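The following exercises invite the reader to examine a protein model step by step. Each task is followed by a worked solution.

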Amino acid sequence: MINATADGKSFREIGLGLKKHNIPVLPPTRDYSIEIAGRDGEIDFGSTYGPRVINLECIIMADDTTLDYHRRVAKVAALFNAKKGDVVFTFDDLPGRRYIGRYAGTLDIEKILFDGELTIPIKMGEHPFPESDENMLEETITHSPEKIKVISLGDERASPVIVLTNTGSTTIQKFKIQNEYLLEG
C-alpha cells in the first residue's frame, strides 16, 4: 500500500489503503480551431490543457464489525467531500510533489467480506500540474557575471521569482538579468 495524505490527513488514519494511483502523464488538451467552408484544412488557434483526473484505487480496511466499516466509510466520505473544494494530495512514492484537486465523481464501493474496494476520482481543475517543494535560496552576488541554478521538481517549466534588494548605499548601474533554460541530459 502507498501512504498518501489528503488535506494533511493520512489515508491510513481513517482506515483507507491506497493500492495505486493512476495519474495521466499530461492533462487532456482543448484544441481551438475552426473549419471554413470552401477551404482545405482548418485554422488552428492553439490549445490549452484541460483538467487532469487522477483515479485513486483504494480499499477501506475494517475489523470484523459492520459498525466499524460504516464508521470508516463515513470518514472517507467526510475527507473527500466535494463541498470542501480543492484539497492538497501527497503520495509517499512521489516525494516533493503536491497535487491539488477535489473529489469529482461517485464513490461506488464494492464490498468484499469486511473490506470495501473503491476508486476515488480527483479532478485537478485550476491546477492541472503538481506543485513541487520550493527551494528558497538567498544568494549574495559578489561578482559579475554569476550564474545561480534554480531547481524545480514540477511537471511544467516555470520561471523563478527573483527579488533584488540593494542593501548598500551605492547606486547600481548597468544591471542585467537574463533567464535561460539549460537542458540537462
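**Exercise 1: A pair between two strands**

Glu117 has a relative accessibility of 28% and therefore counts as partly exposed. The model in which this value was computed is a predicted one.

Task: Determine which residue forms a salt bridge with Glu117, and where the two partners lie.

Solution. Step 1: The partner is Lys19, and the closest N and O atoms of the two residues are 3.2 Å apart. Step 2: A salt bridge requires a side-chain nitrogen of Lys or Arg within 4 Å of a carboxyl oxygen of Asp or Glu, so the criterion can be applied directly to such a distance. Step 3: Glu117 belongs to strand 10 (residues 115–124) and Lys19 to strand 3 (residues 16–22); the pair thus links distant parts of the chain, 98 residues apart. Step 4: Lys19 is partly exposed, its relative accessible area being 35%.

**Exercise 2: A pair between two loops**

Task: Locate the salt bridge between Lys84 and Asp7 and classify each residue as buried, partly exposed or exposed.

Solution. Step 1: The side chains of Lys84 and Asp7 meet at 3.5 Å, N to O. Step 2: Lys84 is found in the loop between helix 1 (66–79) and strand 7 (87–91), while Asp7 is found in the loop between strand 1 (4–6) and strand 2 (9–10); 77 residues separate these distant parts of the chain. Step 3: Buried means under 20% relative accessible area and exposed means over 50%, with partly exposed in between. Step 4: At 37%, Lys84 is partly exposed; at 48%, Asp7 is partly exposed.

**Exercise 3: A pair involving Arg98**

Task: Find the salt-bridge partner of Arg98 and explain why the pair ties together separate parts of the sequence.

Solution. Step 1: Arg98 pairs with Glu131, with an N to O distance of 3.9 Å. Step 2: Because Glu131 lies in strand 11 (residues 131–132) and Arg98 in strand 8 (residues 97–103), the pair ties together parts that are 33 residues apart in sequence. Step 3: Glu131 is partly exposed at 33% relative accessible area, and Arg98 is partly exposed at 24%.

**Exercise 4: The whole protein**

Task: Describe the protein by its elements, its salt bridges and its buried residues.

Solution. Step 1: The protein contains one helix and 11 strands, and from the N terminus on their order is β-β-β-β-β-β-α-β-β-β-β-β. Step 2: A search of the whole structure yields four salt bridges. Step 3: Of the 185 residues in the protein, 24% are buried.

Note on methods. Residues numbered from 1 in each chain as written. Predicted model: local features only at pLDDT ≥ 70, side-chain atom pairs only at ≥ 80, totals over all residues. Heavy atoms only, no water. Helix = DSSP H or I, 4+ residues; strand = E, 2+ residues; numbered from the N terminus. Buried < 20%, exposed > 50% of the residue type's maximum accessible area, 1.4 Å probe, protein only.
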